[in-house]
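The following note sets out several points for a colleague who is beginning to read structures. Please keep the sequence and the model in view while going through them.

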Amino acid sequence: MAEIVLDRVSKSFGSVSVIDNVSLEVAEREFVVFLGPSGSGKSTLLRMIAGLESIDSGTLTIGGKRCEHLPPGQRGVAMVFQNYALYPHMSVRENMAFGLRNVGIERGEIDRRVAEAGRVLEMEELLDRKPAQLSGGQRQRVAIGRAIVKEPQAFLFDEPLSNLDAALRVRTRVELARLHQRIAATMIYVTHDQTEAMTLADRIVVLNDRRIEQVGRPMDVYNRPASRFVAGFVGSPG
Ligand code: ADP
Ligand code: MG
């Protein structure tokens with residue numbers, strides 16, 4: 001059974017349609033990239049899965065559970081944001097633990113999860129630092145750590161590398177691919193960057209103007225674009 005199933009979901013802001021009748025199945029442990037130009041609806045679709053935007057019509061199933069009416073905390077997904085605002089006065093350890101404090105998880109379990117996230121992200125020696133003592137890439141890893149400690153079924157990333165410089169973007173991309181192999185979780189990753197999509201994705205979902213243009217493995221999308229739009233967007237650099 002697929003981990004995340006969208007069935008004919010639509011969304012409007014006021015009278016403006018932004019997601020139109022989108023259906024998609026994401027398999028367990030799959031790395032799926034939503035690729036499309038700015039304004040195509042990538043973030044909205046991701047936020048609908050996360051529960052940060054309502055779904056006007058259609059259904060969302062995550063891990064076999066109907067989710068379109070559940071609050072974000074009950075969907076078993078964790079979102080990693082582009083603007084990874086860390087609390088400056090808290091250590092890395094505290095930043096990661098913060099989201100777990102008020103949801104009834106006991107101290108020992110929180111400590112165990114933070115230590116595990118530190119191991120997975122290879123930042124065990126940085127857990128007692130403050131954000132100001134970290135590089136941009138390390139801060140991004142803390143933001144991912146905040147999601148890891150929730151032990152979600154699926155991770156949702158919205159352009160997580162767009163604040164990083166080019167060299168760091170490449171390095172963090174490699175780290176993300178390794179992270180996906182290590183924790184073997186389902187991941188959905190939003191980007192407008194064709195290179196990121198080609199290198200990270202098991203499958204690419206090409207979005208354009210509220211709809212899915214094509215779903216396929218990177219080389220299939222690249223070699224056999226389903227439309228002129230896909231040919232132009234995936235084929236052209238930058
Ligand atoms: P992308 O992430 O692909 O750039 P978005 O999902 O952010 O696209 O936006 C899709 C469309 O929805 C855009 O036209 C955007 O202006 C519009 N939109 C997004 N969020 C809102 C909102 N909260 N209110 C009104 N319109 C919005
Ligand atoms: Mg966006």
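1. Strand β2 covers residues 16-26, and Asn21 has its place in this strand. The model is a predicted one, and the backbone at this position deserves attention. Phi of Asn21 is near 60°, which is a positive value in a residue other than glycine. Is Asn21 buried, exposed or partly exposed? Asn21 has 14 other C-beta atoms within 10 Å. A residue needs 20 or more such neighbours to count as buried and 12 or fewer to count as exposed, so Asn21 is partly exposed.

2. Ala184 may be read alongside the previous point. Although Ala184 is not a glycine, its phi is positive, at about 45°. This residue is placed in the loop between helix α5 (166-183) and strand β8 (186-191). With 10 other C-beta atoms within 10 Å, Ala184 counts as exposed.

3. The next point concerns the chain as a whole. The chain contains 8 helices and 10 strands. Along its principal axes, the C-alpha trace spans about 50 × 40 × 35 Å. What radius of gyration would a compact globule with 238 residues have? The expected value is near 18 Å; the chain has 18 Å, and so the two agree.

4. Burial and contacts complete the overall picture. Of the 238 residues of the chain, 37% count as buried. Among contacts with a separation of 6 or more, 67% are between residues 24 or more positions apart.

5. Helix α3 (residues 107-120) permits a simple check of length. At 1.5 Å a residue, its 14 residues should span 20 Å, where the rule multiplies by one less than the number of residues. The C-alpha atoms at the ends of α3 are 20 Å apart, which agrees with that expectation.

6. The two sides of α3 may be considered next. Which residues of α3 are buried? They are Val114, Ala117 and Gly118. Seen down the helix axis, the buried residues of α3 fall within an arc of 100°, and therefore they line one face of the helix. Gly108, Glu109 and Arg119, on the other side of α3, are exposed. The buried residues of α3 pack against two helices, α2 (92-97) and α4 (136-148). After α3 comes Glu122, whose phi is positive, near 55°.

7. Helix α8 (residues 228-235) can be examined in the same manner. Val230, Phe233 and Val234 are buried in this helix. Around the axis they cover an arc of only 90°, which puts them on the same side of α8. On the other side of α8, the exposed residues are Arg228, Gly232 and Gly235. The cover over the buried residues of α8 includes the helices α6 (194-200) and α7 (218-223), together with the strands β9 (203-208) and β10 (211-216).

8. The last point concerns the surroundings of ligand 1. Which residues are found around it? The shell consists of Phe13, Val18, Gly36, Ser38, Gly39, Ser40, Gly41, Lys42, Ser43 and Thr44. By class, this shell has 2 nonpolar, 7 polar and 1 charged residues. Helix α1 (residues 42-50) supplies the largest share of the shell, with 3 residues.

Conventions
Residues are numbered from 1 along each chain as its sequence is written. Chains are lettered from A and ligands numbered from 1 in the order in which they are written. This is a predicted model: local features need pLDDT of at least 70, side-chain atom pairs count only at pLDDT 80 or more; totals for chains, interfaces and linings use all residues. A residue is near a molecule or strand if its C-beta atom, placed from the backbone, lies within 6 Å of it. Helices (H or I, at least four residues) and strands (E, at least two) are DSSP runs, numbered from the N terminus. Ala, Val, Leu, Ile, Met, Phe, Trp, Tyr, Cys and Pro count as nonpolar, Asp, Glu, Lys and Arg as charged, and the others, Gly among them, as polar. The arc is that of the directions from the helix axis to the C-beta atoms. Two residues are in contact if their C-beta atoms, placed from the backbone, lie within 7 Å. The radius of gyration is taken over C-alpha atoms; the globule rule is 2.2 Å times the number of residues to the power 0.38.
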